[in-house]
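Thanks for making the time, everyone. I would like to walk you through one small example, going from the chain as a whole down to a few single residues, so please keep the picture in view while I talk.

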Amino acid sequence: MKKTKYIMSGGTAFAEQEDLQKLSDYAKKGWLLDRFAFLGYTLKKRRASRPSIFTGFSGKCR
């Protein structure tokens, strides 16, 4: 099984909330954000956990 995965971004300027929801859903399955990539994100397989709740890409966490 692959340990990295690439997913497309909807564009942080256009679909920020949808991208955050998508990343949260993947994190629940154990795929955590590794880095931003060209037009998307690179995820790495890790142990599934409850992700932090982000309010936006500005870096604020709840």
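Among the contacts in the protein chain with a separation of 6 or more, 46% are made by residues that stand 24 or more positions apart. Please keep in mind that what you see is a predicted model. Its chain holds 1 helix and 3 strands, and if you read along the sequence, these elements follow the pattern β-α-β-β. The chain has 62 residues, of which 21% count as buried, and its accessible surface comes to about 4800 Å², with 56% of that belonging to carbon and sulfur atoms.

Let me turn to strand β3, which covers residues 40-45 and contains Y41. Is Y41 buried or exposed? With a relative accessible area of 1%, Y41 is buried, because the cut-off for that word is under 20%. The C-alpha atoms of Y41 and S9 are separated by 6.8 Å, although these two residues are 32 residues apart along the chain. The side chain of Y41 also makes a polar contact, at 2.7 Å, with the side chain of D19.

The next residue I have picked is T42, which has its place in strand β3 as well, and which counts as buried at 12% relative accessibility. If we leave aside residues up to four places away in sequence, T42 touches K5, Y6, L32, L33, D34, R35 and A37.

Two names from that list, R35 and D34, deserve a moment of their own, since R35 forms a salt bridge with D34, in which the closest N and O atoms are 2.9 Å apart. As a general point, side chains of opposite charge can pair when their charged atoms come close. The count for this model comes to 1 salt bridge. As for its acidic partner, D34 counts as partly exposed, at 31% relative accessibility.

Finally, let us look at the surface, and at F38, which lies in the loop between β2, residues 31-37, and β3. Here the relative accessible area is 72%, so F38 is exposed, as the cut-off for that word is over 50%. Which residues form a nonpolar patch on the surface together with F38? They are Y6, M8 and L39, and the patch of these residues with F38 has about 490 Å² of accessible area together.

Definitions and conventions
Residues numbered from 1 in each chain as written. Predicted model: local features only at pLDDT ≥ 70, side-chain atom pairs only at ≥ 80, totals over all residues. Heavy atoms only, no water. Helix = DSSP H or I, 4+ residues; strand = E, 2+ residues; numbered from the N terminus. Buried < 20%, exposed > 50% of the residue type's maximum accessible area, 1.4 Å probe, protein only. Polar contact = N/O pair within 3.5 Å; in protein donor to acceptor, adjacent residues only side chain to side chain. Patch = residues over 30% accessible without salt bridge, like charges linked within 9 Å, V, L, I, M, F, W, Y side chains within 5 Å. Areas by Shrake-Rupley, 256 points an atom, 1.4 Å probe, with all protein chains shown as cover. Salt bridge = Lys/Arg side-chain N within 4 Å of Asp/Glu carboxyl O. Contact = heavy atoms within 4.5 Å.
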